[in-house]
Amino acid sequence: MKQRIMNHVGVLVALGIFLSFLAASGIMYDKYNNYMQQDVKNETEYIRYALKNMGTEYLTQEMGQLTTSRITLLDPEGTILYDSERYPNEMENHGNRPEIQAAMEKGEGELIRFSETLSQQTFYYAVKLDNGNILRISKTTDSVFHTMVSSFTLMGILFLIIFTLGVILIERQTKKLIDPINQLDLENPLKNVEYEELRPLLNRVDEQNKQIASQVKELKQAEAVRREFSANVSHELKTPLMSISGYAEIMKNGMVRTQDIPEFAGRIYDEASRLTSLVQDIIEISKLDEKSGEMPFEMVDLYEIAQDICQNLTLQSKKKNVTLSIEGSNVEIYGVRHILYEMCYNLVDNAMKYNREGGYVKVSLSDTKDQVTFSVEDNGIGIAKEEQERIFERFYRVDKSHSRKTGGTGLGLSIVKHGAALHHAQIILDSQPDRGTQIQIQFKKIV
């Protein structure tokens with residue numbers, strides 16, 4: 001950038017000097033010509049006055065050497081009577097010269113032309129005398145081009161001086177102009193803005209910095225979540241695998257009595273079932289994280305899903321002596337069927353697992369003009385206020401010992417959270433310890 005500025009300004013300076021020289025040369029040449037022509041006219045008047053009073057005897061060879069002008073006297077026919085530069089008998093008739101003809105007709109005539117005799121540009125001024133003769137005074141002058149060529153040396157010296165000074169000043173000014181740009185703090189671009197013209201650009205840089213900082217923060221958070229998720233997955237998978245391995249090893253070594261084999265086999269089955277549920281939940285939440293796999297959106301009847309879930313959990317509710325009921329009517333929303341099923345199932349299943357003997361779980365659907373609400377209410381152990389914000393985190397359990405007994409994977413509510421985000425739904429939680437919990441998912445209707 002600096003070099004480009006130097007190049008452009010340098011060319012402008014050189015061009016400016018050259019054009020200024022041309023203009024000055026033209027003006028000076030014009031003024032010089034005007035002064036020279038006036039001098040010739042004045043000299044003509046002096047000589048005419050002398051001829052009038054002294055006669056042709058005034059025109060002598062010595063007199064011609066006293067002036068730089070050329071003096072010529074002609075008779076009315078154009079014959080040369082006197083010339084201060086050459087002998088009259090050597091010169092041709094000048095009656096056809098324009099200035100001579102003008103003087104004969106109008107009394108005076110002037111002309112600038114190239115003199116073949118002197119091989120120079122010459123100014124001619126002729127006047128008609130009282131006796132009819134023609135007096136002509138001429139003076140040579142350089143052309144504009146010749147004047148400029150003769151000044152090239154001076155112009156070159158001036159050009160070098162002015163150009164050198166210009167380059168030094170331009171260098172300093174360019175450095176002063178560019179330094180604030182080079183010293184911009186791109187981390188804090190809006191701090192000490194030197195040029196207001198750069199503010200729109202610096203505003204964009206500042207916005208990009210904020211976006212990058214936000215993305216870096218999100219990446220760090222995502223990385224922390226990924227590390228925690230990996231650690232939790234490893235731990236959660238390791239526990240049932242160790243149990244299965246331990247029970248199987250005891251049975252393999254014949255250390256189990258025949259009557260205890262069904263119990264050990266049942267424990268292996270339970271741990272394998274828990275492991276299967278955990279893997280399925282991990283796969284499901286990974287799909288939701290990456291939004292991968294097939295996510296076919298369609299019109300889904302939530303009431304049918306709720307009925308199916310309640311039917312599948314009827315046996316479990318009888319074992320725990322928990323009353324399971326459903327209220328509402330058929331209502332459709334636009335969503336992914338198997339994700340909606342997982343969300344609703346996990347809510348009802350959790351309400352069942354973390355309930356008390358003789359409790360209840362009530363599933364209800366309500367339909368308004370703008371939204372559809374799926375609600376699960378129970379009178380179980382409830383959730384403390386300080387833990388309500390964390391229950392949707394992966395592998396987080398309010399009662400870890402109870403979760404182990406119930407076989408929870410710690411991913412159910414996390415799937416609910418991600419599924420709600422996928423469907424642009426809102427989760428509302430209302431819970432009090434030892435009094436129960438109500439969780440609502442509010443789906444917006446598509447108009």
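Residues 24 or more positions apart supply 62% of those contacts in the chain that have a separation of 6 or more. The model is a predicted one, and its chain holds twelve helices and twelve strands. Of the 447 residues, 35% count as buried. The points below follow helix 10 and its two helix partners, and then turn to individual residues in a strand and in loops.

**Helix 10**

- Helix 10 covers residues 337–353, and its 17 residues reach 24 Å from the first C-alpha to the last, which is close to the 24 Å expected at 1.5 Å a residue.
- The buried residues of helix 10 are Ile-339, Leu-340, Met-343, Cys-344, Asn-346, Leu-347, Val-348, Asp-349, Ala-351, Met-352 and Lys-353, a list in which Asp-349 and Lys-353 appear alongside residues such as Leu-347 and Val-348.

**Packing of helix 8 against helix 10**

- Helix 8, residues 302–312, packs with helix 10 at an angle of about 50°, and the two axes are 10 Å apart.
- The two helices are therefore oblique to each other, and the crossing of helix 8 and helix 10 is right-handed.
- On the side of helix 8 the contact is made by Leu-302, Ile-305, Asp-308, Ile-309 and Asn-312, while helix 10 contributes Arg-337, Leu-340, Tyr-341, Cys-344, Tyr-345 and Val-348.
- Sorted by class, the residues of this contact between helix 8 and helix 10 comprise eight nonpolar, one polar and two charged.
- Among the helix 10 residues that take part in the contact with helix 8 are Leu-340, Cys-344 and Val-348, and these three residues are also listed as buried.

**Packing of helix 10 against helix 12**

- Helix 12 spans residues 412–422, and its axis comes within 9 Å of the axis of helix 10, the two crossing at roughly 140°.
- That angle makes helix 10 oblique to helix 12, and the crossing of this pair is left-handed.
- From helix 10, the residues Ile-339, Glu-342, Met-343, Asn-346, Leu-347 and Asn-350 meet Gly-412, Leu-413, Ile-415, Val-416, Gly-419, Ala-420 and Leu-422 of helix 12.
- The contact of helix 10 with helix 12 has, by class, eight nonpolar residues, four polar residues and one charged residue.
- Ile-339, Met-343, Asn-346 and Leu-347 are among the helix 10 residues that meet helix 12, and each of these four is buried.

**Ser-364 in strand 9**

- Ser-364 lies in strand 9, which runs over residues 360–367, and with a relative accessible area of 19% Ser-364 is buried, because the cut-off for that class is under 20%.
- Ser-364 and Glu-327 are 37 residues apart along the chain, yet their C-alpha atoms are separated by 4.5 Å.
- When neighbours within four places in sequence are left aside, Ser-364 is in contact with Glu-327, Thr-373, Phe-374 and Ser-375.

**Tyr-58 between helix 1 and helix 2**

- Tyr-58 is found in the loop that joins helix 1, residues 2–54, to helix 2, residues 61–65, and a relative accessible area of 23% places Tyr-58 in the partly exposed class.
- Between Tyr-58 and Ile-47 there are 8.6 Å from C-alpha to C-alpha, with the two residues eleven apart in sequence.
- Not counting residues up to four places away in sequence, Tyr-58 touches Ile-47, Ala-50, Leu-51 and Met-63.

**Loop residues with positive phi**

- Most residues other than glycine have a negative phi.
- His-424 is not a glycine, although its phi is positive at about 55°; the residue is found in the loop between helix 12 and strand 11, the latter being residues 426–432.
- At 65% relative accessibility, His-424 counts as exposed.
- Asp-434 likewise has a positive phi, of about 65°, without being a glycine, and Asp-434 is found in the loop between strand 11 and strand 12, with strand 12 covering residues 436–444.
- Asp-434 is exposed as well, its relative accessible area being 58%.

Methods:
Residues are numbered from 1 along each chain as its sequence is written. This is a predicted model: local features need pLDDT of at least 70, side-chain atom pairs count only at pLDDT 80 or more; totals for chains, interfaces and linings use all residues. Side-chain values use heavy atoms; hydrogens and water are left out. The expected span of a helix is 1.5 Å times one less than its number of residues. Buried means under 20% relative accessible area, exposed over 50%, partly exposed in between (1.4 Å probe, protein chains only). Axes are lines fitted to C-alpha atoms, for helices over the stretch in contact, and angles run from 0 to 180 degrees between N-to-C directions. Angles under 35 degrees count as roughly parallel, over 145 as roughly antiparallel, 65 to 115 as roughly perpendicular and the rest as oblique. A crossing is left-handed if the near helix is turned anticlockwise from the far one by less than a right angle, and right-handed if clockwise. Contact means heavy atoms within 4.5 Å. Ala, Val, Leu, Ile, Met, Phe, Trp, Tyr, Cys and Pro count as nonpolar, Asp, Glu, Lys and Arg as charged, and the others, Gly among them, as polar.
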